[in-house]
Amino acid sequence: PLKQQGTYRIAIASEGMSGVYTLNGERKRFRGGADQVPAGATDVRVTQNANRVETFVTLGAPTETALQPTGQGLELVPITHPNDLVAGEPAQVRFLIDGQPAAGLEVEFVEGGTRYRDDAGIQNLTTDSEGVLTLTAAEPGMYYLEASRGGGEGAPGGGESDAPSRVASYTAVLEFLPL
């Protein structure tokens, strides 16, 4: 139960590490830290993962406190307050990666309730140079938003660096209200 009035960010956020290595000619996978890699392993590739699933709820009058970024991983910062999302009107959000604008991020924006339709109505959108994205929902209802950024020098086949690659994903459910 919510005890104080205002806007809440409800999130499931996780971070982890996984990778692959070769030992005695056999390719193996691991989860956890680098301490999971045995001595003598070669071709070690490590990936750091950061995942976030969110929704926003408000009790009483909307507030901004919970909408502030954490500066970690891929995250959405509402420009248009989540309580002000209205079908037929443009709404803006900003994506950040580790606190910096996520420019050129590809985002899927999907109307809910389209599971058994021939056309799921997926909108493929891209953030601008400041990480800003404009969302327009044709109909009121729940909408699914998904984005990820990943790979890098340490990814398998991604270069010669021993640095870990990073993969960050973000998922949200937003409700667009009727006019």
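**Loops, cores and a surface patch in a predicted model**

Analyst: To start with a loop, N24 sits in the stretch that joins β1 to β2 (26-31), and please keep in mind that this is a predicted model.

User: What is the phi of N24?

Analyst: N24 has a positive phi of about 55°, although N24 is not a glycine. Most residues other than glycine have a negative phi.

User: And is N24 buried or exposed?

Analyst: N24 is exposed, because its relative accessible area is 78%.

User: Which other residue that isn't glycine has a positive phi?

Analyst: D98 does, with phi near 50°, and D98 belongs to the loop between β5 and β6 (100-101). D98 counts as partly exposed, because its relative accessibility is 34% and the partly exposed class lies between 20% and 50%.

User: Changing topic, where is R9, and how accessible is it?

Analyst: R9 is part of strand β1, which covers residues 6-23, and R9 counts as buried because its relative accessibility is 18%, where buried means under 20%.

User: What does the side chain of R9 reach?

Analyst: The side chain of R9 reaches the backbone oxygen of L67 at 3.0 Å, and a polar atom of that side chain also lies 2.9 Å from the backbone oxygen of A66. Leaving aside neighbours within four places in sequence, the residues in contact with R9 include E54, T55, F56, Q68, L76 and P78.

User: Now the largest nonpolar core: how many residues, and which ones touch the most other members?

Analyst: That core has 25 residues, of which L74, F95, F109, L135, L145 and F176 touch the most other members. The elements that give two or more residues to this core are β4 (74-78), β5 (91-97), β7 (106-111), β9 (132-135), β10 and β11 (165-176), and the largest share, five residues, comes from β11.

User: What is F176 in contact with?

Analyst: Apart from neighbours within four places in sequence, F176 is in contact with several residues, among them L85, V86, A91, F109, L135, P140 and Y143.

User: What other core lies apart from the largest one?

Analyst: There is another core of five residues, including Y21, L23, A41 and V46, and it lies apart from the largest one.

User: Last thing, which residues form the nonpolar patch on the surface?

Analyst: M142, Y144 and V173 form that patch, with about 250 Å² of accessible area together. Y144 is found in strand β10 (residues 141-149), and Y144 counts as partly exposed because its relative accessibility is 33%.

Definitions and conventions
Residues numbered from 1 in each chain as written. Predicted model: local features only at pLDDT ≥ 70, side-chain atom pairs only at ≥ 80, totals over all residues. Heavy atoms only, no water. Patch = residues over 30% accessible without salt bridge, like charges linked within 9 Å, V, L, I, M, F, W, Y side chains within 5 Å. Areas by Shrake-Rupley, 256 points an atom, 1.4 Å probe, with all protein chains shown as cover. Salt bridge = Lys/Arg side-chain N within 4 Å of Asp/Glu carboxyl O. Helix = DSSP H or I, 4+ residues; strand = E, 2+ residues; numbered from the N terminus. Buried < 20%, exposed > 50% of the residue type's maximum accessible area, 1.4 Å probe, protein only. Polar contact = N/O pair within 3.5 Å; in protein donor to acceptor, adjacent residues only side chain to side chain. Contact = heavy atoms within 4.5 Å. Core = buried A, V, L, I, M, F, W, Y, C linked by side-chain atoms within 4.5 Å.
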